[in-house]
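Work through the exercises below with the sequence and the coordinates side by side. Each task is followed by a solution in steps.

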Amino acid sequence: MFNKRALITGITGQDGAYLAKFLVSKGYKVFGAYRRSSTRNFWRLHYLDVKKDIELLPVDMIDQTSIMQAISSCEPDEIYNLAAQSFVGDSFMEPIATGEISGLGVVRILDTIRLLNPKIKLYQASTSEMYGNSTIVPQNEDTPFQPSSPYAAAKLYAHWVVRNYREAYGLFACSGILFNHESPIRGIEFVTKKITDTAARIKLGLSEKLHLGNLEAKRDWGFAGDYVKAMWLMLQQPTPDDFVIATGESHSVQEFCDVAFGELGLQAKDYVVVDQKFVRPRDVAHLQGDSSKAQRMLGWNQKETPFSELVRMMVRADLEKYQHPDRFMKHFLKHI
Ligand code: NAP
Ligand code: G4F
């Protein structure tokens, strides 16, 4: 009936929702691992209309027992470890929690796989943040890592441990080194969503200014919907390996603002204010990825959603959210 069984950790996050949608479309039985909280948090799954198609399992990445129980009960062929404390800014304020969740979390999964069923394939969500302030641009799989935040250091530990379990125990474990990817359901704390959300509010007279930190930082921004396909492709290969996933283009935060406000017929310079509160103790200046290995070996297409289309998609979704709050609120109301 179902082709395969997949367990996704971080199901309530941006990538969890897009990956669930993608795997369901491929005929998978999808299990979603979520952490218990006082308020239910499944709005992204409703937004993409996929909540009805998945089975939810309670898992906290700092709790080995919950991980073991979930994996032994759903018997997955593939596990996608997307759960993380994923906000770089907060990792400076919560370095230990970040290390536990984003670093050690995957070891708990790897050991469960090793002891329970070494045939289970694992995808680990590695990140371009691991390159830090590398002077080499663009970055590929051979570029040396220079993590510049507690988040990046935790993810680099996870990255190496995945590789170590692959070599030491022969597990089918892959890391995707994904560059920034965004969407209409991106978390509001990330700069792209903060820009498109505030620009839409300004357009409608609901806000006056947009307060940001470092406007010079450059990122390689792609669309999350395109990137989850690469995660799946990695686990369909004959041998496990690590791959960079990126568009190959970078833009500054300032440029993102210009395109987003321009989309609404406004000029960013009239609204953007630099606020030291949003400048990090140490920032990463320029990330731009070279995904030629993934294009060659996975057949992944880096050009599917161009930068301008991504910004437009996000701005339009935010405008619609404030113009028709009832349509957006229904995703929250569904699970109350
Ligand atoms: P996200 O929206 O922040 O989602 C993170 C997910 O992790 C959420 O479901 C969150 O649950 C869950 N989580 C956090 N702490 C947990 C814990 N202790 N136990 C169980 N679950 C926990 O992140 P994303 O953008 O989808 O990214 C997915 C993964 O890719 C992350 O590992 C991220 O670090 C990595 N990554 C992202 C990007 C990017 O640009 N998006 C680039 C490279 C790598 P709650 O909803 O309960 O908080
Ligand atoms: O949107 P950001 O917070 O993303 P960042 O730090 O690049 O991290 C994201 O991408 C990583 C992949 O490279 C992921 F691993 C990670 O989980 C996350 O998804 O910040 C982007 C840039 C930074 O240089 C930041 O300093 O924007 C700059 N920025 C300027 N003003 C701001 C702001 N960032 C945020 N979040 N908020 C601001 O007001």
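A polar contact is taken here as a pair of N or O atoms within 3.5 Å. The model is a predicted one, and every value below is computed from it.

**Exercise 1.** Find which side chains make polar contacts with ligand 1, and describe the shell in which the ligand sits.

*Step 1.* Apply the cut-off to the side chain of R35, where an N or O atom is 2.8 Å from an oxygen atom of ligand 1; this pair is within 3.5 Å and therefore counts as a polar contact.

*Step 2.* Proceed likewise with T12, which has a polar side-chain atom 2.6 Å from an oxygen atom of ligand 1, and with D60, whose side chain places an N or O atom 2.9 Å from a nitrogen atom of the ligand.

*Step 3.* Turn to the cover of the ligand: on its own, ligand 1 has 900 Å² of accessible area, and the protein covers 90% of this.

*Step 4.* Assign the shell to elements, noting that helix 1 (14-25), strand 5 (121-127) and helix 6 (150-169) are those that give two or more residues, and that strand 5 gives the most, with three residues.

*Step 5.* Finish with the composition: 25 residues surround ligand 1, the closest being T12, N41, S86, Y151 and K155, and the shell divides into ten nonpolar, ten polar and five charged residues.

**Exercise 2.** Describe how the two assigned domains of the chain meet.

*Step 1.* Set out the bounds, which the domain assignment gives as 5-182 + 221-245 for domain 1 and as 191-219 + 250-285 + 305-333 for domain 2.

*Step 2.* Locate the C-alpha centres of domain 1 and domain 2, which lie 26 Å apart, and then list the contacts, in which 17 residues of domain 1 meet 22 residues of domain 2.

*Step 3.* Evaluate the area buried between the domains, which is about 1,800 Å², with carbon and sulfur atoms giving 65% of it; on the side of domain 1, W43, N133 and W221 lose the most area to domain 2, and together they account for 39% of what that side buries.

**Exercise 3.** Where in the chain do the cis peptide bond from V137 to P138 and the positive phi of D49 occur?

*Step 1.* Take the bond from V137 to P138, which is cis with omega near 0°, and place P138 in the loop between strand 5 and helix 6.

*Step 2.* Take D49 next, which is not a glycine and yet has a positive phi of about 55°; D49 is found in the loop between helix 2 (43-47) and strand 3 (54-58).

Methods
Residues are numbered from 1 along each chain as its sequence is written. Chains are lettered from A and ligands numbered from 1 in the order in which they are written. This is a predicted model: local features need pLDDT of at least 70, side-chain atom pairs count only at pLDDT 80 or more; totals for chains, interfaces and linings use all residues. Side-chain values use heavy atoms; hydrogens and water are left out. A residue is near a molecule or strand if one of its heavy atoms lies within 4 Å of it. A polar contact is a pair of N or O atoms within 3.5 Å; within protein, one must be able to donate a hydrogen and the other to accept it, and residues adjacent in sequence count only if both atoms are side-chain atoms. Accessible areas come from the Shrake-Rupley method with a 1.4 Å probe; for residues, only the protein chains shown count as cover. Helices (H or I, at least four residues) and strands (E, at least two) are DSSP runs, numbered from the N terminus. Ala, Val, Leu, Ile, Met, Phe, Trp, Tyr, Cys and Pro count as nonpolar, Asp, Glu, Lys and Arg as charged, and the others, Gly among them, as polar. Domain bounds come from an automatic or database domain assignment. Contact means heavy atoms within 4.5 Å. Buried area is the accessible area (1.4 Å probe) that two parts lose on being put together, summed over both.
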